[in-house]
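Notebook open, coffee poured. I want to go through this structure piece by piece and jot down what I find.

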Number of protein chains: 2
Amino acid sequence: MVEQQTRQLDAVFHALGDATRRQMLRDLASGERTVGQLAGPFPISLAAASKHIQALERAGLVRREVRGRTHWCRLDAMSLAAAHRWLRDYERFWTDHLDALEQVLREEDARHPPTQDGDDR
Amino acid sequence: MVEQQTRQLDAVFHALGDATRRQMLRDLASGERTVGQLAGPFPISLAAASKHIQALERAGLVRREVRGRTHWCRLDAMSLAAAHRWLRDYERFWTDHLDALEQVLREEDARHPPTQDGDDR
DNA sequence: GCTATTCTCAACCACATGGTTGAGCAACAG
DNA sequence: CTGTTGCTCAACCATGTGGTTGAGAATAGC
């Protein structure tokens, strides 16, 4: 069960780790979209877009409904809720410890001014 | 600039998309750890663990300080805060458009009090 | 029926990722 | 000085990922 959840998280974060898919999600937030519509903004083949959508489905972020010859996609609220919940908990998990860290960092910043360069490495 | 942000997000989500790295982050939340300590729980070589840590660094989630021959790692609060902020915005972006989602979350919160120690591994 | 549209699938390619081993550097312990 | 420890780096391997093209299934339109 935990195993299952882990794989779900892997899939969700993997799905979010690609700018194309993030934009598709953003697009879907305003309503249903066909595969073609989702692919539209990108300079990639329909087949490539189809694979991205499959990745989103695998992560449970998107549901698909076939009507006629067109496939309509929409965000999957249930799975989104799970991701939401996890992220929220994870954030708290971090921020609980960030208070301590922030103090350390503030001390450091005091004698070691903010490195504001591009930070690219 | 947006470009830069996109790549940062790619790196962050990619880093979170691996259970080994998620556990390392969880481990780091309780304090500094050496590379060896972080690698400890996993049945992989030190070199492999080192690569995972480098991925976390690339995402800006972890900072490293070399003291003597040991490398001490800790969460990078600045980058973490940025990720935190982005996730929160993204969540709102979604929930604004998903009435169903909010209801689901409210129901879950009601019968499923904050799960500390989410155990995602 | 015939054609055009929407979309998936399979095969393929280049490159990234996660793992290994072996070499080697730097620093602590004796 | 010598040996051990902590860690990185380089080379290599298997697999995964994102892209392509070409073929084909199914539906819509005429």
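**Entry 1: DNA strand C.** I started with who sits around this strand. I found 24 residues surrounding DNA strand C, and the closest are A:Ser50, A:Arg64, B:Ser45, B:Lys51 and B:His52. Then I checked which part of the strand the protein comes up to. Of the atoms of DNA strand C within 4 Å of the protein, 60% belong to sugar and phosphate. Note to self: this is a predicted model, so I'm reading computed values here.

**Entry 2: polar contacts with strand C.** I looked up a few distances to phosphate oxygens. A:Ser50 has a polar side-chain atom 2.5 Å from a phosphate oxygen of DNA strand C. For A:Gln54, a polar side-chain atom is 3.3 Å from a phosphate oxygen of that strand. A:Gly36 does it with its backbone: a polar backbone atom there lies 2.8 Å from a phosphate oxygen of DNA strand C.

**Entry 3: which elements face strand C?** Which elements each supply at least two residues of the surface near DNA strand C? I wrote down α3 (35-39), α4 (46-58) and β3 (70-75) from chain A, plus α4 (46-58) from chain B. The largest share is from α4(A), with five residues. Sorting the surface near DNA strand C by class, I got seven nonpolar, ten polar and seven charged residues.

**Entry 4: DNA strand D.** On to the other strand on my list. Here 24 residues surround DNA strand D, with A:Lys51, A:His52, B:Gly36, B:Ser50 and B:Arg64 the closest. Sugar and phosphate make up 69% of the atoms of DNA strand D that come within 4 Å of the protein.

**Entry 5: polar contacts with strand D.** I noted a base contact: an N or O atom in the side chain of A:Lys51 is 2.4 Å from a base oxygen of DNA strand D. A:His52 goes to the backbone of the DNA instead, with a polar side-chain atom 2.3 Å from a phosphate oxygen of DNA strand D. From chain B, the side chain of B:Gln54 has an N or O atom 3.5 Å from a phosphate oxygen of DNA strand D. Two or more residues of the surface near this strand come from each of α4 of chain A and α3 (35-39), α4 and β3 (70-75) of chain B. α4(B) gives the most, five residues. The class split for the surface near DNA strand D is seven nonpolar, ten polar and seven charged.

**Entry 6: a helix crossing in chain B.** How do α2(B) and α4(B) sit relative to each other? Their axes come within 10 Å and cross at roughly 75 degrees, with α2 covering residues 19-28 of chain B. That falls between 65 and 115 degrees, so α2(B) is roughly perpendicular to α4(B). On the α2(B) side, the contact uses B:Thr20, B:Arg21, B:Met24 and B:Leu25, while α4(B) brings B:Ala49, B:His52, B:Ile53, B:Ala55 and B:Leu56. I count this contact by class as six nonpolar, two polar and one charged residues.

**Entry 7: two single residues.** Is B:Arg58 buried or exposed? B:Arg58, in helix α4 of chain B, has a relative accessible area of 51%; that is over 50%, so B:Arg58 is exposed. B:Arg58 and B:Ala15 are 43 residues apart in sequence, yet their C-alpha atoms are 8.6 Å apart in space.

Last one: A:Thr34, in strand β1 (residues 33-34) of chain A. A:Thr34 has a relative accessible area of 13%, which means it is buried. Leaving out residues up to four places away in sequence, A:Thr34 touches A:His71 and A:Trp72.

Definitions and conventions. Residues are numbered from 1 along each chain as its sequence is written. Chains are lettered from A and ligands numbered from 1 in the order in which they are written. This is a predicted model: local features need pLDDT of at least 70, side-chain atom pairs count only at pLDDT 80 or more; totals for chains, interfaces and linings use all residues. Side-chain values use heavy atoms; hydrogens and water are left out. Helices (H or I, at least four residues) and strands (E, at least two) are DSSP runs, numbered from the N terminus. Buried means under 20% relative accessible area, exposed over 50%, partly exposed in between (1.4 Å probe, protein chains only). Contact means heavy atoms within 4.5 Å. A residue is near a molecule or strand if one of its heavy atoms lies within 4 Å of it. A polar contact is a pair of N or O atoms within 3.5 Å; within protein, one must be able to donate a hydrogen and the other to accept it, and residues adjacent in sequence count only if both atoms are side-chain atoms. Ala, Val, Leu, Ile, Met, Phe, Trp, Tyr, Cys and Pro count as nonpolar, Asp, Glu, Lys and Arg as charged, and the others, Gly among them, as polar. Axes are lines fitted to C-alpha atoms, for helices over the stretch in contact, and angles run from 0 to 180 degrees between N-to-C directions. Angles under 35 degrees count as roughly parallel, over 145 as roughly antiparallel, 65 to 115 as roughly perpendicular and the rest as oblique.
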